[in-house]
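Colleague: I should like to go through this model with you, one point at a time. Please give the reasoning before each value or name.

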Amino acid sequence: SIFPVFAHSTTDSKSSFIAQPKSCSASAAHRLLGEKWTPTSHALALDLSGASSVRVLRPGARDLGLVSMRLTVKIDAQQRITELTCE
């Protein structure tokens, strides 16, 4: 997701559209730690963190790399959220 930003030039009276990406903040979603991972918590994690996508790592899963603006959610065997990070 992106937020529109309108910029005005001092030499042009017309506005121009500049795409500005949102930032990801895992700490903004830390209140979800210990909660069960559900479709509702997925939507809330996206909303709170500002991330453009979410990746869930279950026990034993390998981390396959970084993706800009993605929130990574680690869950335990009971489907509880144990860690949140942005990449």
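Colleague: Where is the place of His30, and how far apart in space are His30 and Glu83, C-alpha to C-alpha?

Modeller: This is a predicted model. The place of His30 is in the loop between S2 and H1, and at a relative accessibility of 37% His30 counts as partly exposed. Along the sequence His30 and Glu83 are 53 residues apart, whereas in space their C-alpha atoms are separated by 8.2 Å.

Colleague: What separates the C-alpha atoms of Leu33 and Thr82?

Modeller: Leu33 also has its place in the loop between S2 and H1, and its relative accessible area of 37% makes it partly exposed. Beyond four places in sequence, Leu33 touches Ile81, Thr82, Glu83 and Leu84. For Leu33 and Thr82, 49 residues apart along the chain, the C-alpha separation is 5.7 Å.

Colleague: How many disulfides does the structure hold, and what is the angle about the S-S bond?

Modeller: The structure holds one disulfide, which joins Cys24 to Cys86 with an S to S distance of 1.9 Å. The pair links distant parts of the chain, 62 residues apart: Cys24 belongs to the loop between strand S2 (15-21) and H1, and Cys86 to strand S5 (residues 81-86). The link of Cys24 and Cys86 is left-handed, and the angle about the S-S bond is -65°.

Colleague: Why does Cys24 count as buried, and what does Cys86 count as?

Modeller: The limit for a buried residue is under 20% relative accessible area. Cys24 counts as buried because its relative accessibility is 19%. Cys86 is at 27% relative accessibility and therefore counts as partly exposed.

Colleague: Which residues of H1 are buried, and what arc do they cover around the axis?

Modeller: The buried residues in H1 are Ser41, Ala45 and Ser49. An α-helix has 3.6 residues a turn, so residues three or four places apart point the same way. Ser41, Ala45 and Ser49 lie on the same side of H1, because the arc they cover around the axis is only 50°.

Colleague: Which exposed residues are carried by the face of H1 turned away from its buried side?

Modeller: What covers the buried residues of H1 includes S4. The face turned away from that buried side carries exposed residues, namely Pro39, Thr40 and Asp47.

Colleague: Is Ser49 buried or exposed, and how far from a polar atom of its side chain does the backbone nitrogen of Ala51 lie?

Modeller: Ser49 lies in helix H1 (residues 39-49), and its relative accessible area of 3% makes it buried. Leaving aside neighbours within four places in sequence, Ser49 is in contact with Ser23, Cys24, Ser25, Ala29 and Leu71. The distance from the backbone nitrogen of Ala51 to a polar atom of the Ser49 side chain is 3.1 Å.

Colleague: Which strand gives the largest share of the largest nonpolar core?

Modeller: The largest nonpolar core has 14 residues, and those with the most contacts inside it are Trp37, Leu71, Val73, Ile81 and Leu84. Strand S4 (70-75) and S5 each supply at least two residues of this core. The largest share, three residues, comes from S4.

Colleague: Which residues of the disulfide does Leu71 touch?

Modeller: Not counting residues up to four places away in sequence, the contacts of Leu71 include Ala45, Ser49 and Leu84. The disulfide joins Cys24 to Cys86. Among the residues that Leu71 touches are Cys24 and Cys86.

Colleague: What is the phi of Gln79?

Modeller: Gln79 lies in the loop between S4 and S5, and with a relative accessible area of 27% it is partly exposed. Its phi is positive in a residue other than glycine, with a value near 70°.

Colleague: Which residue follows H1, and what is its phi?

Modeller: H1 is followed by Gly50. The phi of Gly50 is positive, near 80°.

Colleague: Over which residues does pLDDT stay under 50?

Modeller: The chain averages a pLDDT of 79, and 68% of the residues score at least 70. Among the elements of the chain, H1 has the highest mean pLDDT (95) and strand S1 (residues 2-8) the lowest (43). Where pLDDT is low, the predicted coordinates should not be read in detail. The model has 24 contacts beyond four places in sequence for the stretch where pLDDT stays under 50, residues 1-20.

Definitions and conventions
Residues numbered from 1 in each chain as written. Heavy atoms only, no water. Helix = DSSP H or I, 4+ residues; strand = E, 2+ residues; numbered from the N terminus. Buried < 20%, exposed > 50% of the residue type's maximum accessible area, 1.4 Å probe, protein only. Polar contact = N/O pair within 3.5 Å; in protein donor to acceptor, adjacent residues only side chain to side chain. Contact = heavy atoms within 4.5 Å. Disulfide = S-S within 2.5 Å. Core = buried A, V, L, I, M, F, W, Y, C linked by side-chain atoms within 4.5 Å. pLDDT = per-residue confidence, 0-100. Arc of directions from axis to C-beta.
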